[in-house]
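Subject: Structure handover

Hello,

Here is the structure I promised to pass on. Please open it and keep it beside this message as you read.

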Amino acid sequence: MANMDVSLKEMMAIDGAFGAVVVDYNSGMALGALGGSKELDLQIAAAGNTEVVKAKLRTMESLGLKAAIEDILITLTDQYHIIRPITGRGGKGLFLYLALDRGRANLALARHRLRAIEENLEV
């Protein structure tokens, strides 16, 4: 099992990564973050993406869907943003957020690596 710092470093090692955050979606607070830029304030991204997760969970509940969210992908013209709820023990209410440069990232590989990181994260 990897701790949060190790997991954030592993997220940043994914090709094209320029921002990685572990977020508590109950509070919208970033519990840990690496990277970011002038254009991507990770604290603001954590809070904003908390609303995305909450909205999707409310919609799924309204629809009576029993499935779990694997990940949420937001595709921008030059970036990919991946939100992956943590499903492991102790991870309830948390998600991983990864921002990728679309020109440098392999989306399928990034999703695969993020899944492995999430599975090994010890919160």
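Below is what was found, starting with the sheet and ending with single residues.

One point before the details: this is a predicted model.

The sheet

Start with the strands. There are 5 of them, and they form an open sheet. Read across it, the order is β2-β1-β5-β4-β3. The pairing is antiparallel. At the edges sit β2 (29-35) and β3 (72-75), each of which pairs on one side only. From one strand to the next, the twist averages 15°.

Now look at one pair in detail. Strand β4 covers residues 79-85, and strand β5 covers residues 94-101. The two run antiparallel and are joined by 7 bridges. Which residue of β5 stands opposite Ile82? That is Leu98.

Helix α1

Helix α1 packs on the sheet. There it touches β1 (17-24), β2 and β5. The direction of α1 makes about 145° with that of β1.

Helix α1 also has a helix partner. Its residues are 4-12, while helix α3 takes in residues 107-120. The axes of α1 and α3 come within 10 Å and cross at roughly 175°. An angle over 145 degrees counts as roughly antiparallel, so α1 is roughly antiparallel to α3.

Which residues meet where α1 and α3 touch? From α1 come Ser7, Glu10 and Met11. From α3 come Arg113, Leu114 and Ile117. Sorted by class, this contact has 3 nonpolar, 1 polar and 2 charged residues.

Helix α2: two residues to click on

Helix α2 spans residues 42-63. Two of its residues are worth a look.

Take Asn49 in α2 first. Is Asn49 buried or exposed? Its relative accessibility is 8%. The cut-off for buried is under 20%, so Asn49 counts as buried. What does Asn49 contact, leaving aside its neighbours within four places in sequence? The list is Ile74, Ile83, Phe95 and Tyr97.

Then go to Leu63, also in helix α2. Its relative accessibility is 59%. Exposed means over 50%, so Leu63 counts as exposed. One distance to check in your viewer runs from Leu63 to Arg84. These residues are 21 apart along the chain, and their C-alpha atoms are separated by 21 Å.

That is the handover. Send me your questions once you have been through it.

Best wishes

Note on methods:
Residues are numbered from 1 along each chain as its sequence is written. This is a predicted model: local features need pLDDT of at least 70, side-chain atom pairs count only at pLDDT 80 or more; totals for chains, interfaces and linings use all residues. Side-chain values use heavy atoms; hydrogens and water are left out. Axes are lines fitted to C-alpha atoms, for helices over the stretch in contact, and angles run from 0 to 180 degrees between N-to-C directions. Helices (H or I, at least four residues) and strands (E, at least two) are DSSP runs, numbered from the N terminus. Angles under 35 degrees count as roughly parallel, over 145 as roughly antiparallel, 65 to 115 as roughly perpendicular and the rest as oblique. Contact means heavy atoms within 4.5 Å. Ala, Val, Leu, Ile, Met, Phe, Trp, Tyr, Cys and Pro count as nonpolar, Asp, Glu, Lys and Arg as charged, and the others, Gly among them, as polar. Buried means under 20% relative accessible area, exposed over 50%, partly exposed in between (1.4 Å probe, protein chains only). Two strands pair if DSSP finds at least two bridges between them.
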